[in-house]
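Reader: I've got a model open and a few questions lined up. Can we walk through it together?

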Amino acid sequence: KNKVNILGLDFDKTTKQDMINTLKHKIQHHKKTFIVTANPEIVMYALKDQEYMNTLQSADHIIADGAGIIMGSKLLKTPLPERVAGFDVLKDLLDVANEEALNVFFLGAGKKVIEQAVQNIKSEYPNLVIGGYHHGFFNEHDPSIGEMVKNSNSDIVFVALGFPKQEKWIAKNFDTFAKGIFMGVGGSFDILAG
Ligand code: UDP
């Protein structure tokens with residue numbers, strides 16, 4: 001079995017490099033994928049919010065973003081190989097997107113932050129195609145954001161609304177998308193804008 005259950009969540013038994021290879025393969029085959037990078041805060045939150053727990057359980061991949069989760073897996077005698085930080089996966093996927101001229105959508109963070117982050121990404125990853133971007137302070141019942149993402153037909157969609165919002169947004173809209181890797185990235189755009 002390639003999953004390890006910790007407090008109700010099935011974590012992928014994977015190194016970062018194997019995860020990136022898996023995602024590359026899925027992108028090549030236009031296989032729609034929801035990936036969650038779960039840190040201990042997220043796991044604790046899910047234990048108190050059943051809707052969020054269901055959302056996380058609906059993901060294709062849950063990766064362990066925290067030393068506490070690796071430690072827990074060892075105590076349960078089902079060790080996970082290593083911590084896989086969400087920000088590192090984001091950076092590696094930006095590299096893949098740059099190498100393969102993939103189309104990437106960036107959703108979330110403040111208006112100034114996302115604009116600056118996109119500027120920085122354009123200069124650091126010149127071959128990456130910006131499929132679109134939008135700040136993260138929109139009405140969650142406004143369907144136009146989901147439509148914008150869908151119409152971009154992006155290979156990768158990073159959603160930075162903070163948890164639990166970002167995963168709930170992905171899960172709610174997932175069925176409408178034809179393809180794409182969807183991943184919540186928390187405060188990552190603030191770092192990319194910095
Ligand atoms: N954010 C957003 N829309 C919201 C709430 C938050 O776009 O309605 C953004 C916020 O500007 C920041 C990110 O989501 O860029 C949340 O970052 P944080 O480090 O708090 O992430 P967490 O650790 O909560 O996942």
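Reader: Let's start in the strands. Which residue of β7 does V104 stand opposite?

Author: A quick note before that: this is a predicted model, where local features need pLDDT of at least 70, side-chain atom pairs count only at pLDDT 80 or more, and totals for chains, interfaces and linings use all residues. Residues are numbered from 1 along each chain as its sequence is written. Strands here are DSSP runs of E with at least two residues, helices are runs of H or I with at least four, and both are numbered from the N terminus. Across from V104, in β7, stands I156.

Reader: How many bridges join β5 to β7, and how many does β7 share with β8?

Author: Pairing takes at least two DSSP bridges between two strands. β7 and β8 (residues 181-184) run parallel with four bridges, one partnership being V159 with G184. Strand β5 (residues 103-108) is also parallel to β7, and the bridges joining them number five.

Reader: Is β7 mostly enclosed or open, and how many of its residues are buried?

Author: Buried means 20 or more other C-beta atoms within 10 Å of a residue's own, exposed means 12 or fewer, and partly exposed is in between, with C-beta atoms placed from the backbone. In a regular strand, side chains alternate between the two faces of the sheet. Here I156, F158 and A160 cover one side and V157 and V159 the other, all of them buried. β7 (residues 156-160) is therefore largely enclosed by the rest of the structure, its buried residues being five of five.

Reader: What handedness does the unit of β7, α8 and β8 have?

Author: Look with the strands pointing away from you: if the path from the first strand over the helix to the second runs clockwise, the crossover is right-handed. The helix in this β-α-β unit is α8 (residues 165-173), and the unit is right-handed.

Reader: Which residue does a cis peptide bond join to P164?

Author: Most residues other than glycine have a negative phi, and most peptide bonds are trans. P164 sits in the loop between β7 and α8. Omega is about 0 degrees for the bond in question, and the partner of P164 is F163.

Reader: L7 isn't a glycine, yet what is its phi?

Author: L7 belongs to the loop between β1 (3-6) and β2 (9-12). It is partly exposed, because 15 other C-beta atoms lie within 10 Å. Its phi is positive, at about 50 degrees.

Reader: And A101: buried or exposed?

Author: A101 also has a positive phi of about 50 degrees without being a glycine, and its loop runs between α5 (86-100) and β5. It has 12 C-beta neighbours inside 10 Å, so A101 counts as exposed.

Reader: Which residues come nearest the ligand?

Author: Near means a C-beta atom, placed from the backbone, within 6 Å. The shell divides into six nonpolar, six polar and two charged residues. Of the 14 residues around the ligand, the nearest are A109, G136, G162, G186 and G187.

Reader: Zooming out, what is the chain's radius of gyration?

Author: The chain has nine helices and eight strands, and its C-alpha atoms fill a box of roughly 45 × 35 × 35 Å along the principal axes. The globule rule, 2.2 Å times the number of residues to the power 0.38, goes with a radius taken over C-alpha atoms. For 194 residues a compact globule would come out near 16 Å, and the chain agrees, at 16 Å.

Methods
Ala, Val, Leu, Ile, Met, Phe, Trp, Tyr, Cys and Pro count as nonpolar, Asp, Glu, Lys and Arg as charged, and the others, Gly among them, as polar.
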